[in-house]
Amino acid sequence: MHIRLVATTAAIAGALTALTAVPAQAAEYSSALKIRGIQYDAPGRDSNRCSGGNTAAEYLTIKNYSRSTTVNLKGYVVKDAAGNKFTFTASHTLQPGDYVKLRGGNGSDSDSKNVVYRDNCNFMWNNDKDTIYVYKPSGSRADVHSYTKSGSDGDGNGYITYHG
């Protein structure tokens, strides 16, 4: 009887530990704005030079998954695990189902081409692993996902899809 009680108690404690140890990427937020995917490893050899580099080939796709709400990105913040961040300082509206690619490097932001440039020629996303955070202007989280090159990128092309 005592052995069964100890085994049952250990099993319950293990189940409770498993329930409380939820990784960050498993959280699902009620935000209409979510990370659709990330090209975390730009094709070719990494070169973060502003002229002739390939930081623009590294991008994060953020999509408005709402069926009826338009979202203005002004004030939204995108961060990585190391604290590198980008804040949308200009108005950029996403209609329901619309998306934007947040690219590295310099360029002209364009609603018609669905692109915003970070105006920074340094790579933001690590090629081996990282965590992506998207925060609403209020400071609350809109979405978060972690990745590892070996565990998240099955075909090894440097691109991961989160929300289809």
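Student: How many bridges join strand E1 to strand E2?

Tutor: This is a predicted model. Strand E1 covers residues 33-39 and strand E2 covers residues 59-64. The two run antiparallel. The number of bridges joining E1 to E2 is six.

Student: Which residue in E2 is the bridge partner of Ile38?

Tutor: E1 and E2 are joined by bridges and run antiparallel. Ile38 has its bridge partner in E2. That partner is Leu60.

Student: What is the order of the open sheet of five strands?

Tutor: The pairing in this sheet is mixed. E8 and strand E11 (159-161) stand at the edges, each with a single partner strand, so each has one side without a neighbour in the sheet. Between neighbouring strands the turn is 25° on average, direction ignored. Read across, the order is E8-E7-E2-E1-E11.

Student: And the open sheet of four strands: what is its order?

Tutor: Its pairing is antiparallel. Strand E5 (85-87) and strand E10 (141-148) are the edge strands, and each has a single partner, so one side of each lacks a neighbour in the sheet. The order is E5-E4-E9-E10.

Student: By what angle are neighbouring strands of that four-stranded sheet turned against each other on average?

Tutor: The sheet is open and its strands are antiparallel. The angle is an average over neighbouring strands, with direction ignored. The value is 10°.

Student: Which residue in E5 is the bridge partner of Val78?

Tutor: Strand E4 spans residues 77-80. E4 pairs with E5 in the antiparallel sense over three bridges. The bridge partner of Val78 in E5 is Phe86.

Student: Which residue in E9 does Val78 stand opposite?

Tutor: E4 is also joined to E9, by four bridges, and these strands run antiparallel. Strand E9 covers residues 129-135. Opposite Val78 in E9 stands Val134.

Student: Over how many bridges do E9 and E10 pair?

Tutor: These two strands pair in the antiparallel sense. One opposite pair is Tyr133 and Val144, with Val144 in E10. The count of bridges between E9 and E10 is seven.

Student: Which residue in the hairpin of E9 and E10 takes a positive phi?

Tutor: The hairpin has five residues between its strands. One residue of the hairpin has a positive phi near 100°. That residue is Gly139.

Student: How many of the seven residues of E9 are buried?

Tutor: A residue is buried when its relative accessible area is under 20%. E9 is mostly covered. The number of buried residues in E9 is six.

Student: Is Ile132 buried or exposed?

Tutor: Ile132 lies in strand E9. Its contacts beyond four places in sequence include Ile35, Ile38, Leu60, Trp125 and Tyr162. The relative accessible area of Ile132 is 0%, so Ile132 is buried.

Student: What is the distance in space between Ile132 and Val78, C-alpha to C-alpha?

Tutor: In sequence, Ile132 and Val78 are 54 residues apart. Their strands, E9 and E4, are joined by four bridges. The C-alpha distance from Ile132 to Val78 is 7.2 Å.

Student: Where is Asn114 found, and is it buried or exposed?

Tutor: Asn114 has a positive phi of about 55°, although it is not a glycine. It is found in the loop between strand E7 (99-103) and E8. Its relative accessible area is 13%, and the limit for buried is under 20%, so Asn114 is buried.

Student: In which loop is Asp119?

Tutor: Asp119 has a positive phi near 50°, in a residue other than glycine. Its loop follows strand E8 (115-117). That loop lies between E8 and E9.

Student: Which elements give two or more residues to the lining of the largest pocket?

Tutor: The largest pocket holds about 160 Å³ of space. Its lining has 14 residues, and Phe86, Thr89, Ala90, Asp109 and Val116 lie nearest its centre. The elements giving two or more residues are E5 and E8.

Student: What percentage of the chain's residues count as buried?

Tutor: The chain has two helices and eleven strands. Its accessible surface comes to about 9,200 Å², and 51% of that belongs to carbon and sulfur atoms. Of the 164 residues, the share that counts as buried is 38%.

Technical notes: Residues are numbered from 1 along each chain as its sequence is written. This is a predicted model: local features need pLDDT of at least 70, side-chain atom pairs count only at pLDDT 80 or more; totals for chains, interfaces and linings use all residues. Side-chain values use heavy atoms; hydrogens and water are left out. Two strands pair if DSSP finds at least two bridges between them. Axes are lines fitted to C-alpha atoms, for helices over the stretch in contact, and angles run from 0 to 180 degrees between N-to-C directions. Buried means under 20% relative accessible area, exposed over 50%, partly exposed in between (1.4 Å probe, protein chains only). Accessible areas come from the Shrake-Rupley method with a 1.4 Å probe; for residues, only the protein chains shown count as cover. Contact means heavy atoms within 4.5 Å. On a 1 Å grid over the protein atoms alone, a cavity is a set of points where a 1.4 Å probe fits but cannot get out, and a pocket is an open set with protein on both sides within 12 Å along at least five of seven lines; lining residues have an atom within 4 Å of a point. Grid points are joined across faces, edges and corners, and a volume is the space filled by probe spheres set on the points.
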